[in-house]
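Colleague: I would be grateful for a close look at a single part of this model, namely one sheet and the helices around it. Please set out how its pieces are arranged.

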Amino acid sequence: MTDLTELYQQTIIEHNRSPRNFKKLEHANRTAEGYNAICGDKITLYLRLEDDVIREIAFQGSGCAISQASASLMTSAVAGKTKVEAQALFRAFHDMVAGGADAPADPGTLGKLAAFAGVRQFPARVKCANLSWHTLRAALAAAAEPVSTE
Amino acid sequence: MTTAHRATPRTRAARPAPEVATRRADFPLLATRVHGRPLVYLDNAATSQKPQAVIDAITRYYETANANVHRGVYSLSEHATAAYEGAREKARSFLNAREAREIIFVRSTTEGINLVASSFGRTNLGPGDEVLISAMEHHSNIVPWQLICEERGATLRVIPMNQAGELLLDEYERRLTERTKIVALVHVSNSLGTINPVREVVARAHARGIPVLVDGAQAAPHMPVDVQALDCDFYTVSGHKMFGPTGIGMLYGKAPRLEAMPPYQGGGDMIRSVTFARTTFAEIPAKFEAGTPHIAGAIGLGAAIDYLSRLDWGLVAAHEADLLAYASARLLEVPGVRLVGTAAHKASVISFVVAGVHAHDVGTIVDQEGVAIRTGHHCTQPVMEFFGVPATARASFAFYNTREDADALVAALAKVRQVFGG
């Protein structure tokens, strides 16, 4: 039996209750929208990108605890990072929550994001954890279309 | 389902009616365990479980009777044709249609609606015309009409509802005009449980000569349906929601309506003669059944209808009304729970939200306790928007569910508080 506490770690519960960087960024030069059509999770991501560095990042949205905490922790993790660093983090995160069994994450790189390691035991919830990251990738690529993880 | 049963005293000691207790054993999947616990299946509005009789009928068909229908002169094909057409007669009887040729086998309710929207819409809708649907429609009774309206330059209009999830009939009346070409509405709402006054809706439309399509997907598993009594022009259901197989459904249409409509799809079986210059079409129902049909599905659906016809529907109605009243009351004992959809006339479908916790989290947590419920927008995004919620959790009860299933859901909801605190 999978353990609920592995999915709903204290870090996740806490970030869901008090999400960081939850606001509209007035001087954003990149924005992207993401949604999970099936469950109704929605996120708008705001970035101020200068010289390929994420100077500021914030989000607004609504959804399940996994999607909201993931957006909160992601914005905290990539703030100040270069585009390339953020993309590397995306890959490490994705491998951790949805990768094959022999693709364990390096906890050193992921820091607090390791709280999402339990998600891989709940396949239906992987897209909740990934939503903000897919939205980030769209914002960095300046994609015009809203992102859907369906 | 009747208001009389809503006053049922909530004594937890009550056992399921003997009828129900014995019927549970007919459904092999209900004995499954999930995460080491007995499955509590409360997602019947998404799909129902199948009795052994249905599973056996499908197996028996493939083992002993498989052949294509309407073609062969050999005896096996004749047997298969007789079984397939026999299922149509069962479907006729189930919906109380006048004639078997008024039953078209389709893939699902969705396909039934698409068939009418496309075929009726192509010949009856033009610029300035209107299609009238309701505020509580499933996406399957919204999108096909949007597509045809866009193609024909017609407009989609909506009958509003109140905060309980009941249609506003005065507003409905106001929207019936000489521009209205068809009314399409759901019999029982999949996300709110509301049972709509279909007969009244049909009568008001007919007073102006406007035909009515009814989406009966959620009604068929809960109540006997009589299309002649409702007097609707079209009625469509899905087999898998009424204890039959997936991939098969039925569309009832009054014969003169169906005869006046052009084919929906072209192919074999729906023609009278084909030349490269011109094709003439078969009579109904064949005109609307292009290609080899889902023979096994129709036979399985026939077996489900046989099964349902042996139930005492008075007992089923009383049992489901008891489940609705009991489960609603018990859910309201859980701190933070609010029901979405509180119509006076409701089927045993209960949508709810837990304050501060997203429905998806609720669904994952109760699943760990073996309780299967649906969470999300239930393919009714406009309904979610109306009630100002992103999603709901939904427990939908079939006649084989029990008060103990409701108790298991309520117990599992206590875990939600444990995880989220508060």
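Modeller: What follows describes a sheet of chain B, then a pair of helices in that chain, and lastly the contact with chain A. The model is a predicted one.

The sheet is open and consists of 4 strands, which follow the order β13-β14-β17-β16 in chain B with antiparallel pairing. Two of these strands, β13 (337–340) and β16 (374–376) of chain B, lie at the edges; each has a single partner strand, so one side of each has no neighbour in the sheet. On average, and with direction ignored, neighbouring strands of the sheet are turned by 30° against each other.

At one of these edges, β16(B) pairs with β17 (residues 392–396) of chain B in the antiparallel sense, over 3 bridges. Within that pairing, B:G376 is placed opposite B:T392 of β17(B).

Two helices pack on this sheet. Helix α11 (residues 313–332) of chain B touches β13, β14 (349–354) and β17 of chain B, and its direction makes about 140° with that of β13(B). Helix α12 (residues 359–367) of chain B touches β14, β16 and β17 of chain B; the angle between its direction and that of β16(B) is about 155°.

Helix α12(B) also has a part in the contact between the chains. There, 15 residues of chain B are in contact with 15 residues of chain A. The elements of chain B that contribute two or more residues to this side are α12 and α14 (403–420). Of the elements, α12(B) gives the most, with 4 residues. By residue type, the side of chain B that touches chain A divides into 6 nonpolar, 8 polar and 1 charged.

A further packing within chain B involves helices α3 (residues 75–95) and α10 (residues 295–309), which meet at an angle of about 45° with their axes 8 Å apart. Because of that angle, α3(B) counts as oblique to α10(B). The crossing of α3(B) and α10(B) is left-handed. From α3(B), the residues in the contact are B:A80, B:A83, B:Y84, B:G86, B:A87, B:K90, B:A91 and B:F94, and they meet B:I295, B:A298, B:I299, B:L301, B:G302, B:I305 and B:D306 of α10(B). The residues of this contact comprise 11 nonpolar, 2 polar and 2 charged.

Conventions. Residues are numbered from 1 along each chain as its sequence is written. Chains are lettered from A and ligands numbered from 1 in the order in which they are written. This is a predicted model: local features need pLDDT of at least 70, side-chain atom pairs count only at pLDDT 80 or more; totals for chains, interfaces and linings use all residues. Two strands pair if DSSP finds at least two bridges between them. Axes are lines fitted to C-alpha atoms, for helices over the stretch in contact, and angles run from 0 to 180 degrees between N-to-C directions. Two residues are in contact if their C-beta atoms, placed from the backbone, lie within 7 Å. Angles under 35 degrees count as roughly parallel, over 145 as roughly antiparallel, 65 to 115 as roughly perpendicular and the rest as oblique. A crossing is left-handed if the near helix is turned anticlockwise from the far one by less than a right angle, and right-handed if clockwise. Ala, Val, Leu, Ile, Met, Phe, Trp, Tyr, Cys and Pro count as nonpolar, Asp, Glu, Lys and Arg as charged, and the others, Gly among them, as polar.
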